[in-house]
Amino acid sequence: MSITRREFLSVLAAAGASGFPLMREASAAEVDALYSPPVSGNVHFLHMTDSHAHLQPLYFREPSVNIGVGSMSGHLPHLVGADYLKRVGFKPNTRESYAFTYLDFERAAKQYGRMGGYAHLATLVKRLKAARPGALLLDGGDTWQGTGLSLWTEGQDMIDAQLQLGVDVMTAHWEFTYGQERVKEVLAKDFKGRIDFVAQNVKTADFGDPVFPYYTMKQMNGVQVAVIGQAFPYTPIANPGYLTPDWTFGIDTDHMQKVVKEVRAKGAQLVVVLSHNGMDVDRKMASMVEGIDCIFGGHTHDGEAVAVEVRRPSGGMTLVTNAGSHGKFLAVMDFDVRGGKMVGYKYRLLPVFSNLLPADPDMEALIKKHRAPYESKLTEVLAHTEGVLYRRGNFNGTWDQLVLDAMLAVRGGDLAFSPGFRWGGSLLPGEPITREALMTQLAITYPYCTLTEMTGATVKAVMEDVCDNLFNPDPYYQQGGDMVRVGALTYACEPGQKQGNRIQDMRLNGKLIDPKKTYKVSGWAPVQQASANKSNPPIWEVVEEYLKHNPSIKPLKPNQPRLIGVKGNAGLAV
């Protein structure tokens, strides 16, 4: 179902008349202008990615630290705050500044409200599809995971929401953490004949056969279009390999080139890649593969208001985009295809302000249906926060600090590690920490909280390895997460150094770490199957136990490293 522009204005007017909380600074006409981008060209895509199962509107603070190294320094996506605004042409103290940056987050959040929410997103999707005949809605993955509700339903809440929303094509990453059998079940039952699941880089471990279709071909307004899938290439490394034992993953640039040639030979006049590589990897791939018109990217949660133009070896151009995360944004790409090739484009990344878009009743009813059996469990208040709780950023956030403090208090240990995950909503001062809010930080299928012994040398090796995943100057050696969060241990970090030399001056209680000494280390989300035993409690039990004794969380100061050699880096807040 789609709605016309006139119907959209009527809905806005009715919502305002009935007391729907339209933002006081925006009239119905202004909202219409924001969500009615002019239509151009003849091939149209809508793109969303990394919603991490957030069916409900949320606050989400964008990073104040997103450091780029080597050739990526000073370029998107490694710009934050004022540098980002300058690059994309937005003004400070505006709706756009709130949506795309961390600047003045607490005040702006109170002024402009929550963002995303699938019921509000559905209203926008219907509006945009009505204006763009044949438009395809692409979902870049990390959709089925990220909340307690999605964990408890094995992603079924999100699968049903995707179908209701009208997703046409998707690829994946965290979906695989439900296990390969669950993925196959969904594709055979829920998605069959409705959503194309594509990935050119996932093969069987025995004979290298394709696990999923490499691509799908569509006709749109007389134009033959190919959408090639690129799943997260490091799935069995970043997540437990035992969940997908029969499949192999990888970037597979050479095979991507073969697939592009194949779809061109079959008549594709426009070739796009739906990717979960991460933006730096996508930029490198775009510079190496001939014949891709656009890469619609995900994984690194970068909300980029402009499409980056990357030169190919032949001198042609490939566009690279990234549509943010948590349902905060919906990308709109209009292509002008003539004479068998793309001759122009218009790209916009629309922020989804929940109080500017009335909830779609059908999607709202679906969400309520899925929540009903778990409502009391989700809404139970565990504590309150007196400061902003957020996660996203290259190093510790305040949510991360809370988890680290909980592990050290409940599980013990000399120091603690918490994964550099990029998903999870933010809370404002005074808000309750409900079980639902807590689970947006912790809801995974391998949540075990461990207590292990490591030598000082091993502690450093672990930190160096994760740091290299983040700051290796070759994007193909990056895995797209943030730095492991560290509790109790202080250290210095020099991102521009080589692996083995980035982590420096490691100290516990002011004393240098002894490489030969053994330390007890709390951690969670182990990728080894051996850690999945009853002696290791799930992380949410550990944090809930901590909150029982700490019902009011004072403003937290994240344990940040002392950074070396990054003065003037546009990915670092001043």
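Select phenylalanine 421 to begin: its relative accessibility is 12%, so it counts as buried (under 20% relative accessible area, with exposed over 50% and partly exposed in between, for a 1.4 Å probe and protein chains only). The model is predicted, so local features need pLDDT of at least 70 and side-chain atom pairs pLDDT 80 or more, while totals for chains, interfaces and linings use all residues. Residues are numbered from 1 along each chain as its sequence is written, and side-chain values use heavy atoms, without hydrogens and water.

Next, add phenylalanine 176 and phenylalanine 197, an edge-to-face aromatic pair with 6.5 Å between centres and 80 degrees between planes. Rings of Phe, Tyr and Trp (its six-membered ring) pair if their centres lie within 6.5 Å; planes under 30 degrees apart are stacked, over 60 edge-to-face, and the rest tilted. Phenylalanine 176 is in the loop between β3 and α9 and phenylalanine 197 in strand β4 (residues 196-197), so the pair ties together parts 21 residues apart in sequence. Helices (H or I, at least four residues) and strands (E, at least two) are DSSP runs numbered from the N terminus. Phenylalanine 176 is buried at 1%, and phenylalanine 197 is buried at 6%.

Then select Trp174, Phe421, Trp423, Tyr446 and Trp524, which form one aromatic cluster. Tryptophan 174 is buried, at 4% relative accessibility.

Now show arginine 391: its charged end sits over the ring of tryptophan 423, 5.0 Å from the ring centre. The rule asks for NZ of Lys or CZ of Arg within 6 Å of the ring centre and within 35 degrees of the ring normal. Lysine 377 is placed over the ring of tryptophan 152 by its charged end, 4.0 Å from the centre.
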